[in-house]
Amino acid sequence: MKITKKHLLITSTLLLVTALLFWSWGMWINSPQEAKAVPATVKALVIAGGGGGGGPTDGGGGGAGGYQQNDTLTVTAQAYTVTVGNGGGGGSGGSETGGNNGENSVFSTITSTGGGGGGASDVRTGENGGSGGGGSRNNGGGSGTVGQGNNGGSGTTGDNNAGGGGGASAVGANGTSGGAGGNGGDGTASSITGSSVTRGGGGGSGSDSPGAGGAGGGGAGRGPGGAAATAGTANTGGGGGGHSTAGSGNNGGSGGSGIVIIAFPTDGSTGVSTDSTGGTITTVGGNQIHTFTTSGTFTAVTIPDTYRGFFAFF
């Protein structure tokens, strides 16, 4: 069929009318009458640094860093400071001190609390934190923060078995009388990056039969012998393992550093533009993901309500 100017004119008119209809539709669904002034939102995972494991004798496991995820966090067009907390140092083998608490991680209105340090010979009770540190023998574990983690396990009375550090989804295990040290509590899985990853495991306790680290980056406890206990895995907020035996260098494991992850659809349907910047940027499954393994700045670029339906359709 021969294409004439008339055909071209009709085609162009139909395309113009179609575009105007979509424009009108976008204007209508976002009109004040329809109450569509919806704020821009992102998904955000904020994990604090894990607590250090207790030094000897019979150090408790470090608690996991506080774990919080909000799938509808409101953002506005501005630069946000992102703070990623470091893990706490492990207790000293020479002076037999408890582990140090991890540092907080912060994004927007979310502040996750650093994990509690594990108890040791002269600091027997585990520290409070996002998740609590495990207690040394004869003493209780630290308390976790509600909505962020769990309590540390208790040490046994009269035996050399400490408690494991609390994890994001489970309490640290108590030491067993005449048996093993407590395992660290397990962490929590998130698919914010497009695949399921477990983070926020508690550290295992130091003992003759040391406790295992919790799933999600918790460090294993250390039995008799030289060298430090296992550190929590970096960027998981895992707690460090405790150490069982006094001696220079027989330190508790350091807690793992935290992480902040921000994600939103690339189609603009939640009001956030792919022009937003900060962290390591990847695109997975129709989402733009900003991962912060160290502190930085997230600059949110938002899309006016009027255009969201139109952009999302295409």
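Start with the whole chain in cartoon view, where the secondary structure comes to two helices and 11 strands, taken as DSSP runs numbered from the N terminus (helices are H or I with at least four residues, strands are E with at least two). Followed from the N terminus on, the elements run α-β-β-β-β-β-β-β-β-β-β-β-α. This is a predicted model, in which local features need pLDDT of at least 70 and side-chain atom pairs count only at pLDDT 80 or more, while totals for chains, interfaces and linings use all residues. Residues are numbered from 1 along each chain as its sequence is written, and side-chain values use heavy atoms, with hydrogens and water left out.

**Colour by confidence**

Next, colour by pLDDT, the predictor's confidence in each residue, from 0 to 100; the chain averages 88, and 84% of the residues score at least 70. Select residues 19–25, where the pLDDT is below 50 and where the stretch has nine contacts in the model beyond near neighbours in sequence, a contact meaning heavy atoms within 4.5 Å. Then select residues 309–314, also with pLDDT below 50, and with 14 contacts in the model beyond near neighbours in sequence. Where pLDDT is low, the predicted coordinates should not be read in detail.

**The aromatic rings**

Show the side chains of Tyr80, Phe107 and Phe298, which ring pairs link into a cluster. A search of the whole structure finds two aromatic pairs, a pair being rings of Phe, Tyr and Trp (its six-membered ring) with centres within 6.5 Å, stacked if the planes are under 30 degrees apart, edge-to-face if over 60 and tilted for the rest. The ring centres of Phe107 and Phe298 are 5.9 Å apart and their planes stand at 80°, so this pair is edge-to-face. Because Phe107 lies in strand 4 (residues 105–107) and Phe298 in strand 11 (residues 296–299), the pair ties together parts that are 191 residues apart in sequence. Phe107 counts as buried at 0% relative accessibility, where buried means under 20% relative accessible area, exposed over 50% and partly exposed in between (1.4 Å probe, protein chains only); Phe298 is buried as well, with a relative accessible area of 0%.

**The nonpolar cores**

Widen the selection to the largest nonpolar core, which has 18 residues, those with the most contacts inside it being Val42, Val75, Phe107, Val260 and Phe298; such a core is a set of buried Ala, Val, Leu, Ile, Met, Phe, Trp, Tyr and Cys residues joined through side-chain atoms within 4.5 Å. Strand 1 (41–47), strand 3 (79–83) and strand 8 (259–265) each supply at least two residues of this core. Centre on Val75, and, leaving out residues up to four places away in sequence, its contacts include Ala40, Tyr80, Phe107 and Val272. Apart from the largest core lies another, of nine residues, among them Tyr67, Ile192, Ile259 and Ala263.

**Ser112 and Gly200**

Move to Ser112 in strand 5 (residues 110–112), a buried residue with a relative accessible area of 0%. Its side chain makes a polar contact with the side chain of Gln68 at 3.2 Å.

Finally, select Gly200 in the loop between strand 7 (197–199) and strand 8, buried with a relative accessible area of 0%. The C-alpha atoms of Gly200 and Ala64 are separated by 5.1 Å, although these residues are 136 apart along the chain.

Note on methods. A polar contact is a pair of N or O atoms within 3.5 Å; within protein, one must be able to donate a hydrogen and the other to accept it, and residues adjacent in sequence count only if both atoms are side-chain atoms.
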